[in-house]
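Me: I am new to this structure and would like to know what stands behind the words people use for it. Could you show it to me and then take my questions one at a time?

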Amino acid sequence: MKDASPATAPETIYLKDYTPFGYDIESVHLTFHLAPEATRVLSKIRFAPKADATDATFFLHGEELKLISAKIDGQEVSPTLVEGGLKCDVPSAPFTWEAEVEINPAGNTALEGLYMSNGMYCTQCEAEGFRKITYYPDRPDVMSTFTVRIEGDASVMLSNGNPMGKGEGWAEWHDPWPKPAYLFALVAGDLVNHPGQFTTKSGKEVELNIWVRPGDEDKCAFGMEALKKSMKWDEDVYGLEYDLELFNIVAVDDFNMGAMENKGLNIFNSSCVLASPETSTDANFERIEAIIAHEYFHNWTGNRITCRDWFQLCLKEGLTVFRDAQFTADMRSEPVKRIEDVIALRARQFPEDNGPLAHPPRPEQFQEINNFYTATVYEKGAEVIGMLKRLVGDDNYYKALKLYFERHDGQACTIEDWLKVFEDATGRDLSQFKLWYSEAGTPRLKVSEDYADGTYTLTFEQSTPPTPGQPQKAPRVIPVAVGLLSPNGDEVRGTEVLELTEARQSFTFEGLAAKPVPSILREFSAPVILERETTNAERAFLLAHDTDPFNRWEAGNALAKEVRVAMVVDGATPDAAYLDALEKLVRDDDQDPAFRALVLSPPSQADIAQTLAERGHTPDPQKIYDAAETFAQTLAQQLETSLPRLYAATTVDGPYRPDAESAGKRALNGRILSLLTRLDGGEQAARQYATADNMTQQYTALSCLMKAEKADAQSQAFFDQWQHDRLVMDKWFALQIACASPENAAATAAALTRHPLFDMKNPNRFRAVFGALAGNHAGFHHASGDGYVLLADNLIALDKLNPQTTARMCAAFQTWKRYDTARQERIREQLLRIAGTDGLSRDTNEMVSRILDA
Ligand SMILES: [Zn+2]
């Protein structure tokens, strides 16, 4: 037996130490006798020693298990229990291992392994949860077929694969596809299903189900449609077909992640699958569609081809995020999806890549793999694939993917295998490109230009700042998509991709009648920070004329940042030319409403802080907040006469539909309402709240009123209406903190932790409160330091229950070195307090140590 919290210093695991397991597994049979506090798990596993094994040690992972008995070929044995598992002397010929263990699902608040959520049994095994279910070589390169028997009193009992039979108190399942243990799943509870059906392109009928708690049946239709669209899209675009008779999705309220791609039995955080117009916002609908697609796409990129070891996590995650982004772009708007992704990348991945938690998409060491389910592995991992596709071209990309599925189906692979298929399919040498996988940090790309006698020259200099453990960086391959515009706004050169490979490199364009205006890094063709001396007039020109929608938005975004930086640093007033450009755009009905909403959305205050830090200033969160307020107020006044008309013109009438077009219109309408609320004292927002028949409009109105501190009546009404809906209540908790003024944010969060509906054991509720606090930049970083103390208090309390969620939330402190010494000192004090907590989990210990090492 072993406690979750090691008393000794945690062990670091290195990629270079990888050795294959010395045994193959021919089959796995599991029997579960379910009982909340004493579930018995019987395993029967057929092992065969590998002829070429370099290490024949028979070690099985196991944590928090009570071993009842163990047998080899029917004979009782006494294995040696060691840290993290057991060892045993075993025969040198194939043998059958049997073990019986007891586990306590009801007491499992970490939500890893088998646990209970509202009376329902549920599993989460990625990355290393299966070792909390039984003794097993819990590593992704050990694959086998699983046969599972579940005995219990639940009306629905599910596992992976196809159903083999069921009766009163039992059900049996068999998954014919060999899989690693992290893809194992079991669900048992009194659930109801929303059924569906899909015919694959080769004519196979697949039964689909979304399983939910009674009462949630009416929130499954959208998810079911998203699933069918995903299945069809993967056939059409990648030629990939589903491979079982049945595909089940289950919604669970208590879940650490968004969702999990277990073979044939996806388990979802209920927030990522349940949707209805009355309870979900447009953003929820879009996210649900994307996550259902993501988990479904894993069936090939993750399940059929999995990872050799957890260092290769981005092999499945980067590729699957890339695929789900392609899907969303196809279902909705390609430019809008790209802009949204870049906003998210800058908000989540750039701070990580430029701070103490920086790591390559394929890290080379870790203490706790749960800490590497990061924006770098997922989102930067996807960006790297986007660059690869741009470099080799679309045809070669799909040719390489075809080879990948042919060559590696059924295998556990590495980044080397992945790059090799591209090399073999295209003849291209990718050794320099591979640096994207092995080196951390966001490259800086400095651009200068020259024009003489019709020849225009762009010169790029690339450098990547040092990151933990990687002081020196070599030049990378960077695809830079560039177009040129003439001074009158016509495009004189369409997009071409310049391929940077050197530290300094120039590209010339000949035969130009006048000095062009360059549009650089179109579609954000590489995850880099572009540094270029330019004027606000040129940015405004690109905002008006660029043919690349991403770069049009980018020009507006850069302008918005410059204006705010000038307000913070020099006390400047909001730039009049920029206000005029915004006004023109917002009134331009030829422009896509979703695009206009994005241009009208201010850069985040954390983004301004990051920009200030990059330029050598110490960001003052209060000043950044004040500048944002002043700017919004000035813009509202500038638009004063047209706001009521714009509001009316963008209001979406008729029954709610979650499609991209109506959602874009509602997003623009919401931006206009927030400006209008600054002038009318919340009259229009109150009217919208009173008449809204969908959550998007209700939520938007409530947030405008909360920001204006005029929401007392509506906040209470919202609570009264929705207090029995956990997902809507998460919104209510988060919104109050997100909308609080800097001086009230920590107190608002503290008061909400004392609310009867605050439940620390529910990760969604904890994240609603503390994610919102960390996201309220000026509030979290208020000079009092109250936000830091409150978060630290709650992380210390949560760590005893749920290390995984605690460790992830520690990232709120990762940017601490960018602030003034007083704030740094206050944060350091809290980090040290967390680090000094008795029995701190391995997860949290690793995160806090890395942040402190900055
Ligand atoms: Zn995934």
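Me: What pLDDT does the protein average?

Reply: The average is a pLDDT of 97, and 99% of the residues score at least 70. The scale is the predictor's confidence in each residue, from 0 to 100. This is a predicted model, in which local features need pLDDT of at least 70 and side-chain atom pairs count only at pLDDT 80 or more, while totals for chains, interfaces and linings use all residues. Residues are numbered from 1 along each chain as its sequence is written, and side-chain values use heavy atoms, with hydrogens and water left out.

Me: Where does pLDDT stay under 50?

Reply: That happens over residues 1-7, for which the model has 14 contacts beyond four places in sequence. A contact means heavy atoms within 4.5 Å. Where pLDDT is low, the predicted coordinates should not be read in detail.

Me: What makes the site of the zinc ion irregular?

Reply: Let's begin with the donors, which are N, O and S atoms within 2.8 Å of the metal (3.2 Å for Na, K and Ca); water is not among the atoms, so sites may look incomplete. Here they come from His294 (NE2), His298 (NE2) and Glu317, which gives OE twice, at 2.0 to 2.7 Å. Four donors count as tetrahedral if all angles lie between 85 and 135 degrees; four count as square planar and six as octahedral if opposite donors are over 155 degrees apart and all others between 65 and 115; anything else is irregular. The angles among the four donor atoms run from 54 to 154 degrees, so the site is irregular. Along the sequence, the donor residues are spaced H-x3-H-x18-E.

Me: Why is His294 called buried?

Reply: Buried means under 20% relative accessible area, exposed over 50%, and partly exposed in between (1.4 Å probe, protein chains only). His294 has 7% relative accessibility, so it counts as buried. His298, at 0%, is buried too.

Me: What makes Trp177 partly exposed?

Reply: Its relative accessibility is 27%, so Trp177 falls in the middle class. Trp177 belongs to strand β15 (residues 170-179). Strands (E, at least two residues) and helices (H or I, at least four) are DSSP runs, numbered from the N terminus. Leaving aside neighbours within four places in sequence, Trp177 touches Ser144, Thr145, Asp243, Leu244, Lys263 and Arg304.

Me: Why are β6 and β14 said to stand at the edges?

Reply: The open sheet has eight strands in the order β6-β5-β9-β3-β2-β12-β15-β14, with mixed pairing. β6 (75-76) and β14 (162-167) each have a single partner strand, so one side of each is left without a neighbour in the sheet.

Me: How do you know that β2 and β3 pair?

Reply: Two strands pair if DSSP finds at least two bridges between them. Strand β2 (residues 23-33) and strand β3 (residues 39-49) have ten bridges, in the antiparallel sense, so they pair. Within this pairing, Val28 has Ile45 as its bridge partner, and His29 stands opposite Lys44. The two strands form a hairpin with five residues between them. β3 also pairs with strand β9 (residues 95-103), antiparallel over nine bridges, where Arg46 stands opposite Thr96.

Me: How many disulfides are there?

Reply: The count is zero, where a disulfide is a pair of cysteine sulfur atoms within 2.5 Å. For Cys125 the nearest cysteine sulfur, that of Cys122, is 9.4 Å away. The sulfur of Cys314 lies 8.1 Å from the closest cysteine sulfur, in Cys307, which is too far for a bond. Cys125 is buried at 0% relative accessibility, and Cys314 is buried at 2%.

Me: What makes Glu709 exposed?

Reply: Its relative accessible area is 56%, so Glu709 lies over the cut-off for exposed. Glu709 sits in the loop between α18 (695-707) and α19 (712-722), and has a positive phi of about 55 degrees although it is not a glycine.

Me: Is Asp73 buried, exposed or partly exposed, and where is Asp73 found?

Reply: Asp73 counts as partly exposed because its relative accessibility is 43%. Asp73 is in the loop between β5 (66-72) and β6, with a positive phi near 50 degrees.
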